[in-house]
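Colleague: I have the file open. Can you walk me through the side chains and sheets?

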Amino acid sequence: LRPVRVPANGHVVLTRAEAFMDPFASVTDSADLTVENADHRMVFDLARPGLSQWIDKRSGRQIVAPDGFAAFGGYVHERVNSDSGWPRAELFKMDWHADAIETPAGWQRNWPATRVAAGPVRSHRVRRSPLGIEVRQRFPATGCEGEAELVVFLPGYAHWVEFRSSWICGLDAHPQSQYLLF
């Protein structure tokens, strides 16, 4: 079905020709590094996954600047940096003999970590359709089995942007985490 605006508490009557569309009639694929719709202009970089620049065209302001540890929406792998026999103790130490009425939380702050951003993008695809623009990046990622994927969708009918990602975590039992940097 084609996107249609419907008034609040109302309805719209459409003919069959107005309501249905061939979803593949105007789909195009490319490898453009810059994509934009009426509201946003986004620049991607092949050196690291994610956005290197994002400009809100309505306000004229730059949301993301091309600097920092990892790109905006980029993948980061974080691992507890500890040589002890029990690295989880760097994250959580419970004081079971505390004098307080309620046992204090044992979560530790500023624990030592090694952080690694994802490497270069192996696959960058831009798909334009009547519904909007979808950018897919596939890249090798530390701590993952196989490749990770980042998908950014700019709808042609709304002001928002959608970020999705997927990866399969490895089976290493050492305390670690994977996340997207926003």
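Modeller: Start with arginine 138, which is partly exposed at a relative accessible area of 32%; buried means under 20%, exposed over 50% and partly exposed in between, with a 1.4 Å probe and protein chains only. This is a predicted model, where local features need pLDDT of at least 70 and side-chain atom pairs count only at pLDDT 80 or more, while totals for chains, interfaces and linings use all residues. Residues are numbered from 1 along each chain as its sequence is written, and side-chain values use heavy atoms, with hydrogens and water left out.

Colleague: Which side chain does arginine 138 meet in a salt bridge?

Modeller: Glutamate 149, at 3.7 Å from N to O. A salt bridge here is a side-chain nitrogen of Lys or Arg within 4 Å of a carboxyl oxygen of Asp or Glu. Arginine 138 lies in strand S9 and glutamate 149 in strand S10, so the pair ties together parts 11 residues apart in sequence. Strands are DSSP runs of E with at least two residues, numbered from the N terminus.

Colleague: Is glutamate 149 buried or exposed?

Modeller: Glutamate 149 is buried, with a relative accessible area of 14%.

Colleague: Which residues are joined into one network by salt bridges that share partners?

Modeller: Arg122, Glu134, Arg136, Arg138, Glu147, Glu149, Glu162 and Arg164. One of the salt bridges pairs glutamate 147 with arginine 122, the closest N and O atoms being 3.1 Å apart. Glutamate 147 is in strand S10 and arginine 122 in the loop between S7 and strand S8 (123-129), so this pair connects parts 25 residues apart in sequence. Another is arginine 164 with glutamate 134, at 3.3 Å from N to O.

Colleague: How many salt bridges does the structure hold?

Modeller: There are 14.

Colleague: Sheets next. What is the order of the five strands in the open sheet?

Modeller: S1-S8-S9-S10-S11, with antiparallel pairing; two strands pair if DSSP finds at least two bridges between them. Strand S1 (28-30) and strand S11 (162-166) are the edge strands, each pairing on one side only. S10 (residues 147-155) pairs with S11 over five bridges, and phenylalanine 153 stands opposite glutamate 162 in S11.

Colleague: Different topic: where is histidine 40 found?

Modeller: Histidine 40 is in strand S3 (residues 40-44) and counts as buried at 4% relative accessibility. Its side chain makes a polar contact with the side chain of tryptophan 54 at 3.1 Å. A polar contact is a pair of N or O atoms within 3.5 Å; within protein, one must be able to donate a hydrogen and the other to accept it, and residues adjacent in sequence count only if both atoms are side-chain atoms.

Methods
Helices (H or I, at least four residues) and strands (E, at least two) are DSSP runs, numbered from the N terminus.
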